[in-house]
Amino acid sequence: MAPKVLEVKDLATQFKTRDGIVHAVNGVSFELQEGETLGIVGESACGKTVTVLSILGLIPSPPGKVVSGSAHYLGKDLLTMSDEEIRFIRGAQISMVFQDPMTSFNPVLTIGRQVAEPIEIHQGVSRKEALERAGELLALVGIPNAKERLSDYPHQFSGGMRQRAMIAMALACSPTVLVADEPTTALDVTIQAQILDIVKRLRDQLGMAIIWITHDLGIIAGLAQRVNVMYGGFIVEEAPVKELYAHPQHPYTIGLLGSLPRLDASTHTRLVSIDGVPPVLMKKPTSCPFAPRCPFVMDRCLQENPPLLSFDTHHRVACWVDPKTGGARA
Amino acid sequence: MGRYFVRRLLWMMLVLFVVSAITFGLMHAVPGGPFSREKALPQEILDNLNARYHLDEPLVVQYARYLYDVMIPRFSLLEKDPDGGYIKPIPSLVDDFVIRFNIGAVEFKWMNFGPSYASRSRTVNDVFKQQLPVSFQLGMMSLGFALLLGVPMGILAALKQNTIWDYLGMSVAIFGVSVPVIVLGPILVWIFGVSLKWLPPTGWGSQPPYVLGLFPSNLGPEFFKYAIMPSVALGLVSSASIARLTRASLLQVIREDYIRTARAKGLMERLVITRHALKNSLIPVVTILGPLFAALVTGTFITEQIFGIPGMGKYFVTSITNRDYPVIMGTILLYAILLVVANVFVDLMYAYLDPRIRYD
Ligand SMILES: Nc1ncnc2c1ncn2[C@@H]1O[C@H](COP(=O)(O)OP(=O)(O)OP(=O)(O)O)[C@@H](O)[C@H]1O
Ligand SMILES: [Mg+2]
């Protein structure tokens with residue numbers, strides 16, 4: 001197996017709000033191998049963004065706080081690093097594409113300036129050179145007349161163009177790990193496919209590892225090798241992508257895949273809605289967070305929160321129930 | 001941009017017209033006139049004076065005459081002098097125009113505010129030339145002080161939120177907003193002028209001729225010795241509102257997504273603040289510069305009285321007591337123009353800071 005680039009253990013993040021403490025992430029553990037693409041799926045507010053922001057030390061504090069856990073990048077814990085140390089990793093070795101392209105660019109600086117910035121600070125080149133590189137990167141992600149548009153401001157870009165510029169910015173320093181938070185949600189299908197092609201090509205060229213957060217199971221099928229399914233701040237199932245689609249173990253995953261007829265990258269199916277409401281994160285759950293919506297719910301589910309346990313060599317699941325039989329897991 | 005300026009110019013015309021009409025009406029509604037004295041002047045003399053200044057005409061005619069003198073440009077032909085230049089006649093009390101220049105033999109003259117009734121040998125234009133630079137200097141010093149103290153104080157308070165720096169800065173700000181110049185002025189004079197004798201309690205440290213007609217020619221210790229107390233007294237209130245606004249605005253900007261993006265790129269915290277946060281956070285600060293400028297202008301009236309500064313404000317207050325109609329009208333119109341210009345300047349600065357704003 002390839003060496004690990006990222007190893008997250010027992011990561012938990014909370015937010016102090018006026019109404020109480022929000023348990024956004026409740027002890028998640030996962031690994032990322034060199035050159036591997038890991039998908040993270042789950043419905044809104046299940047803690048996907050908070051997980052990756054925590055790893056990079058980008059949780060706004062206050063109100064947020066990483067309360068436990070570690071995140072080792074190439075053997076060094078990102079969570080205990082000094083500001084100066086992690087600064088050299090952010091944008092250069094681990095870079096991030098943010099969810100909202102509308103608000104993630106500074107409105108008063110030109111696109112060129114912002115895309116060039118990581119190159120300028122991490123590679124010690126002149127601003128002029130960095131701008132030139134930025135032009136090439138924008139062309140690479142398919143922005144027409146890239147050179148001329150360097151001096152545009154973000155409001156002069158469409159949402160899709162901004163999203164592409166954001167990807168260009170993240171790729172600027174050829175990172176080891178690319179964290180992409182729903183990067184194609186705002187784009188139409190053709191552009192989505194283009195972007196995916198670019199990312200796949202770069203991944204193969206640079207040997208870049210990717211964490212790809214999405215709602216779109218179709219994208220995950222065509223892109224990722226492994227998938228984490230998150231629910232209520234927990235990872236409830238983790239498996240290689242084919243295995244997950246073929247033998248989903250968690251009732252939540254089964255629900256998600258419910259309407260997906262087959263494993264097919266061109267089927268862009270959004271998460272189907274599952275009856276019931278997402279969990280309230282105001283208190284740390286003592287029972288299974290999915291129990292109120294689970295068709296297989298048993299007594300034990302209401303008393304004990306199931307841990308994430310190995311089901312198979314590469315397949316882990318956090319559930320007391322065996323969905324095949326509807327009874328307790330052996 | 002051109003359309004914007006044309007619109008602003010038309011708007012200014014309208015403002016000036018309304019302001020002048022209101023001022024004119026109010027001025028004449030107040031009992032007493034420029035030549036009323038404790039001991040009344042003989043009727044013939046009064047009639048003569050009134051006739052000389054057209055005060056015997058109906059008010060509407062007087063107003064029309066005033067507008068005509070101020071608004072309508074005049075052209076005249078200059079005579080050649082033997083050396084080949086042109087002879088420029090020395091303006092009299094009744095034809096002293098603020099704007100006056102010649103192209104060849106044609107002289108262009110605009111804005112005649114008339115003579116001052118109180119000081120018989122001076123025109124309103126003379127009063128402007130002598131008094132206005134002092135007020136301008138006081139205003140600029142106060143604005144400079146307000147910005148130099150307010151912006152850094154606000155930034156410091158925001159970056160060190162909920163620390164001693166924040167509390168200290170905001171205490172100063174609250175003190176500043178709640179103590180007006182009319183209280184602070186005399187206290188400062190008493191402490192630094194009278195008791196400690198560090199600074200002159202009254203007066204102003206620059207005399208004509210002024211550089212470009214406005215700026216002091218002796219910008220040194222002698223100037224600042226006089227300027228520092230009144231500028232602080234007048235500027236403190238503004239610096240307090242600037243500080244509070246800067247703090248609030250920076251605190252909000254720091255929570256924006258693009259600041260997180262900047263951090264995710266691996267930018268040093270110093271650059272995150274200076275490059276990504278500051279410019280954005282100053283946008284709301286620029287918007288209050290317009291009203292702030294107006295507050296400073298009116299503030300100079302009181303400040304000049306307290307510190308005995310021979311500026312426009314002091315002269316203006318006296319002119320109201322004297323019913324010196326042309327000076328009252330002239331000053332109000334001049335300040336109205338100034339405020340409109342200041343607001344145009346604020347708009348331009350706004351557009352410079354925020355690329356999303358374009359005027360057309
Ligand atoms: N700054 C914050 N203050 C308070 N609560 C927060 C903050 N940021 C996130 N949360 C909470 O943390 C939880 C997880 O949010 P997160 O953004 O990780 O969801 P997500 O899985 O990325 O959802 P989406 O798919 O909608 O992006 C949510 O309940 C959210 O309300
Ligand atoms: Mg999210």
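A polar contact here is a pair of N or O atoms within 3.5 Å, where, within protein, one atom must be able to donate a hydrogen and the other to accept it. That idea comes up straight away in the first close-up, and everything shown here belongs to a predicted model.

**Figure 1. Q114(A), a buried glutamine in helix α3 of chain A.** Start with the side chain of Q114(A), which reaches the backbone oxygen of N106(A) at 2.8 Å. With a relative accessibility of just 2%, Q114(A) counts as buried, because the cut-off for that class is under 20%. Look past the sequence neighbours within four places and you'll find Q114(A) in contact with F105(A), N106(A), L109(A), P154(A) and M169(A). The list of contacts also crosses to the other chain, where K265(B) touches Q114(A).

**Figure 2. The meeting of chain A and chain B.** On one side, 27 residues of chain A take part, and they are in contact with 20 residues of chain B. The size of an interface is often given as the accessible area lost when the parts come together. For chain A and chain B, that buried area is about 2200 Å², and carbon and sulfur atoms give 58% of it. How many residue pairs are in polar contact across the interface of chain A and chain B? The rule finds 12 such pairs, both partners being at pLDDT 80 or more. Helices α3 and α6 (159–171) of chain A each supply at least two residues of the side that touches chain B. Of the contributors, α3(A) gives the most, with seven residues. Sort that side of chain A by class and you get 13 nonpolar, seven polar and seven charged residues.

**Figure 3. A salt bridge between E120(A) and R275(B).** Zoom in on the two side chains and you'll see them meet at 4.0 Å, N to O. The count of salt bridges between chain A and chain B is three.

**Figure 4. Helix α8 of chain B and what covers it.** This helix spans residues 257–264, and its buried residues are Y258(B), I259(B), T261(B), A262(B) and A264(B). An α-helix has 3.6 residues a turn, so residues three or four places apart point the same way. What covers the buried residues of α8(B)? The cover includes α7 (221–254) and α9 (269–307) of chain B, together with α6 of chain A. Just after the helix, G266(B) takes a positive phi of about 90°.

**Figure 5. The magnesium ion (ligand 2) and its protein donors.** Two residues of chain A do the job: T49(A) through OG1 and Q99(A) through OE1. They lie 1.9 to 2.4 Å from the ion. The pair brings together distant parts of the chain, 50 residues apart. T49(A) is in helix α1 (residues 48–55), while Q99(A) is in the loop between β6 (94–97) and α3 (111–123). Are these donors buried, exposed or something in between? T49(A) is partly exposed at 21% relative accessibility, and Q99(A) is partly exposed too, with a relative accessible area of 36%.

**Figure 6. Backbone oddities in the loops of both chains.** Most residues other than glycine have a negative phi, and most peptide bonds are trans. A45(A) is not a glycine, yet has a positive phi of about 70°. You'll find A45(A) in the loop between β3 (37–41) and α1 of chain A, and the residue is exposed, with a relative accessible area of 63%. Over in chain B, K197(B) isn't a glycine either and has a positive phi of about 55°. K197(B) lies in the loop between α6 and α7, and counts as exposed at 64% relative accessibility. P209(B) lies in the loop between α6 (181–195) and α7 of chain B. A cis peptide bond joins P208(B) and P209(B), with omega at about 0°.

**Figure 7. Chain B, with V18(B) and N218(B) picked out.** Chain B has 11 helices and five strands. Its C-alpha atoms fill a box of roughly 80 × 55 × 45 Å along the principal axes. Of its 360 residues, 46% count as buried. V18(B), in helix α1 (residues 2–29) of chain B, is partly exposed, with a relative accessible area of 40%. The C-alpha atoms of V18(B) and N218(B) are separated by 39 Å, and the two residues are 200 residues apart along the chain.

Technical notes
Residues numbered from 1 in each chain as written. Chains lettered and ligands numbered in written order. Heavy atoms only, no water. Donors = N, O, S within 2.8 Å, 3.2 Å for Na, K, Ca; no water. Helix = DSSP H or I, 4+ residues; strand = E, 2+ residues; numbered from the N terminus. Buried < 20%, exposed > 50% of the residue type's maximum accessible area, 1.4 Å probe, protein only. Contact = heavy atoms within 4.5 Å. Buried area = accessible area lost by both parts, 1.4 Å probe. Nonpolar A, V, L, I, M, F, W, Y, C, P; charged D, E, K, R; others polar.
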